[in-house]
Amino acid sequence: IFSRAVLFVLIRALRMDIDSDLEDGPAEDLEYRQRLKAAVHYTVGKICEQVSLAGLFHPEAKFSPHFIAMLSEATFRQCENLTADLESFAKHAKRSTVNSEDVKLSARRNESLRLHIESLSDQRVRSHESEKAARKEKKQQKKANSEEK
């Protein structure tokens with residue numbers, strides 16, 4: 001469950017409105033890192049709030065600010081480790097870009113996470129194939145309509 005939460009938080013944090021086109025330099029890197037940490041902290045806090053409201057643990061369970069801060073820090077460090085692993089996998093495969101196979105490889109020791117990621121990947125492939133087929137059909141119809149005229 002924690003691995004899924006880490007993946008979810010990472011994705012949510014990266015989708016937040018954070019400018020990724022910062023200039024290289026220690027001050028910009030520190031600012032960017034702080035903004036990412038803040039995004040992770042916010043997301044973890046929202047998840048804890050939702051869990052508390054839904055009563056998923058104890059009906060009256062509340063999460064302290066200290067707990068949320070510690071969970072946010074652990075999540076951020078886990079994300080840093082995941083990022084380093086993904087970059088290493090891509091580099092080992094002599095690629096400069098991380099792809100879905102690297103993500104699947106990173107989840108190899110967590111069966112439920114691996115299955116979840118493979119399911120998401122399969123859904124994405126099917127969606128891409130159906131969109132591609134729809135574009136091809138539309139193109140053929142357009143071509144047939146233009147030939148009729």
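The following legends describe an overview and two close-up views of a predicted model.

**Figure 1. Overview of the helical chain.** The chain contains 5 helices and 0 strands. Along the sequence, these elements follow the pattern α-α-α-α-α. Of the 149 residues, 21% count as buried. The surface exposed by the chain amounts to about 11700 Å², and carbon and sulfur atoms supply 54% of this area. Among contacts between residues at least 6 apart in sequence, 47% join residues at least 24 apart.

**Figure 2. Close-up of F67 in helix α3.** Helix α3 spans residues 65-92, and F67 lies within this helix. The relative accessible area of F67 is 36%. F67 is therefore classed as partly exposed, because this class covers values between the limit of 20% for buried residues and that of 50% for exposed ones. The view also includes G45, which is 22 residues from F67 in sequence. In space, the C-alpha atoms of F67 and G45 are 9.6 Å apart.

**Figure 3. Close-up of T75 and L71.** T75 is also found in helix α3, the helix formed by residues 65-92. The relative accessibility of T75 is 3%. T75 therefore counts as buried, because buried residues are those under 20% relative accessible area. A polar atom of the T75 side chain lies 2.7 Å from the backbone oxygen of L71. The close-up thus shows a buried residue whose side chain has a polar atom paired with a backbone oxygen.

Methods
Residues are numbered from 1 along each chain as its sequence is written. This is a predicted model: local features need pLDDT of at least 70, side-chain atom pairs count only at pLDDT 80 or more; totals for chains, interfaces and linings use all residues. Side-chain values use heavy atoms; hydrogens and water are left out. Helices (H or I, at least four residues) and strands (E, at least two) are DSSP runs, numbered from the N terminus. Buried means under 20% relative accessible area, exposed over 50%, partly exposed in between (1.4 Å probe, protein chains only). Contact means heavy atoms within 4.5 Å. Accessible areas come from the Shrake-Rupley method with a 1.4 Å probe; for residues, only the protein chains shown count as cover. A polar contact is a pair of N or O atoms within 3.5 Å; within protein, one must be able to donate a hydrogen and the other to accept it, and residues adjacent in sequence count only if both atoms are side-chain atoms.
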